[in-house]
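Subject: Handing over the structure, with notes

Dear colleague,

Here is the structure we spoke about, together with its sequence. Please open it beside this message, since the notes below are meant to be read with the model in view.

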Amino acid sequence: MDTTKTAPAGTPVESADELTEAVSIGVEAYTCPDYAREERDRLWRKVWLQVGRVEEIPEVGNFLAYEIHDDSIIVVRTGADTLKAYHNVCPHRGRRLVDIPDGQKQACGKRKMFVCGFHGWRFNLEGENIHILHQDDWCGALTPERTRLGEVRVDTWGGWVFITMNPDAVPLREYLEPAASMLEPFQLHNMRYRWRKWGIFDCNWKVAMEAFNETYHVQTTHPEFNKYGEFRGWARAQGLHSNIGYEAPKGMDENQAGKLRVGTQSDPRLSTAEMQVYTWEKANTNTTQTMVDAARRLKDELPAGTPATQVLTHWITSARRDDEARGVVWPTVDPAHVGKSGTAWQIFPNFQIGHAVNNMLCYSARPYGNDPDKCIFEAAVYQLYPKGEEPKTEWEYAPATPEAWSYVLGQDFSNMAAVQKGMKSSGFRGTQCNPYMERATTNLHRNLARYMGRGAPRRMR
């Protein structure tokens, strides 16, 4: 391995206060097989991980299985308000209790008990062994502690289920701060899947996450949006986590610099409607049918020359009223809080929440085995629905193509594999991140280095 590429010059950045300078990040974290293997013990077995939604396991006995590196975890509902999580392995000879079906993201279903397919050991939903064939053969050595399933910590927040294999990890709520407090007013637990897809992509999981944790790429990766306004954004370190957002357009209230963007070019009424239709048809993210319909009416409901700020206010008010009429109530969030929260939060290490008051777009990525050049990538769009009208969705496997996802996401995906290949070039000297728009990437690696013991970003001067 070329060590000159993995250790860029410059002093390491160790605290969030030091992220005000441009930094360089070596390629080891993206391309090194040894680094990828060490992530299992140093990272994935130490942190809290998002593994699914609460509504995916609504009844007692409903379960889902989640895999990360060599570990597989079963999360099962044991009561109306209780969940349990266990290592997906029989304590007898190590066989997995639940197999992940070929071509599926995870196993899920409903069971009264878990039965090992090798020797028939049985376990109730509390993880206790309730049957061992010929147990007397062990001459009393099989105690309840030896035969019960290995328990894993599990908790919920925002409608998501999180697990950690680390018995010494801080409580989930503490781990998620300040993201939890900043996102709570958006009532994300009330949203439901509009669609959800996953795939096996040809890049490291960090390359996948970093394709979405900055706005610097929008102007060139998604040039079609440039005619609607300038999408210059910021990124801020928030302890373990980060958040990103857009600068408010000229003349716009800073508190309105949220995800619900208004077109600022030419006639804001028309450009807002055009941008909404394009987003709906070419991305199917970050908006809803109600928002699109309300934007289309702007030309009829407002006179020509209406300033962008007034267009935005009218549009959001109109869409909120339309949704309320069909039984969808948006949370009311203080405008100053909306502006401060930005457009997306990066939850360390591998989960992004792109929040808004009525919809959200979330990404996650994790290793594909021990291969540093591949990852399991997941994306889902959520929105508010009238009670009882939520669509029935499943995880859909989709290759990294525009046809399988959308035109806009396809633009992002085209960068991922190309970046992974480029990082292996002898001519690549390491990632060079600016401290304003790419600070979330820098903060990710600053925190990774704390877990991994190496790879800290280094000052470029």
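Where is H134 found? H134 sits in the loop that runs between β9 (129–131) and α4 (144–147). Please keep in mind throughout that this is a predicted model.

**Backbone features**

The phi of H134 is near 55°, which is a positive value in a residue other than glycine, and H134 is exposed, with a relative accessible area of 55%. N284 likewise has a positive phi near 55° without being a glycine; N284 belongs to the loop between α9 (268–282) and α10 (289–296), and at 26% relative accessibility it counts as partly exposed. As background to these two cases and to the peptide bonds that come next, most residues other than glycine have a negative phi, and most peptide bonds are trans.

Two cis peptide bonds deserve a look. One runs from E177 to P178, with omega near 5°, and P178 is placed in the loop between α5 (172–176) and α6 (179–183). Another joins F348 and P349, with omega at about 0°, and P349 is found in the loop between β15 (344–347) and β16 (351–354).

**The pocket and the cavities**

The largest pocket holds about 660 Å³ of space. It is lined by 27 residues, of which E55, E56, R196, T393 and E394 are the closest to its centre. The elements that contribute two or more residues to this lining are β3 (62–68), β6 (107–110) and β12 (192–201), and the largest share, four residues, comes from β12. By character, the lining of the largest pocket divides into eleven nonpolar, six polar and ten charged residues.

A search of the whole structure also finds six cavities of 30 Å³ or more. The second largest cavity contains about 160 Å³ of space, and among the 18 residues that line it, Q50, F351, S364, E378 and W395 are the closest to its centre. Two or more lining residues come from each of β2, β17 (359–368) and β18 (371–383), and the lining of this second largest cavity is made up of eleven nonpolar, four polar and three charged residues.

Q50 can be followed a little further. It is placed in strand β2 (residues 49–53) and is buried, with a relative accessible area of 14%, while its side chain reaches the backbone nitrogen of G52 at 2.8 Å.

**Cysteines**

How many disulfides does the structure hold? The structure holds zero disulfides. C32 is in no disulfide, and the nearest cysteine sulfur, that of C203, is 17 Å away; C32 is also buried, with a relative accessible area of 5%. C375 is buried as well, with a relative accessible area of 0%, and it calls for a more careful reading. Its sulfur is 4.0 Å from the closest cysteine sulfur, in C203, and this is too far for a bond, because a disulfide is counted here when the two sulfur atoms are within 2.5 Å.

**Helix α15 and two strand residues**

Helix α15 (residues 439–452) has 14 residues and reaches 20 Å from its first C-alpha to its last, close to the 20 Å expected at 1.5 Å a residue. Eleven of the 14 residues of α15 are buried, so this helix is largely enclosed by the rest of the structure; the buried residues include N443, H445, R446 and N447, along with L444, L448 and M452. After α15 comes G453, whose phi is positive, near 80°.

P372 lies in strand β18 and is buried, with a relative accessible area of 7%. Its C-alpha is separated by 9.7 Å from that of K206, although P372 and K206 are 166 residues apart along the chain. G79, in strand β4 (residues 71–79), is buried too, with a relative accessible area of 13%, and the C-alpha atoms of G79 and G61 are separated by 8.5 Å, with their positions 18 residues apart along the chain counted as the distance apart.

With best wishes

Note on methods: Residues numbered from 1 in each chain as written. Predicted model: local features only at pLDDT ≥ 70, side-chain atom pairs only at ≥ 80, totals over all residues. Heavy atoms only, no water. 1 Å grid on protein atoms, 1.4 Å probe; cavity = no way out; pocket = protein on both sides within 12 Å on 5 of 7 lines; lining within 4 Å. Points joined across faces, edges and corners; volume = space filled by probe spheres on them. Nonpolar A, V, L, I, M, F, W, Y, C, P; charged D, E, K, R; others polar. Buried < 20%, exposed > 50% of the residue type's maximum accessible area, 1.4 Å probe, protein only. Expected span 1.5 Å × (residues − 1). Polar contact = N/O pair within 3.5 Å; in protein donor to acceptor, adjacent residues only side chain to side chain.
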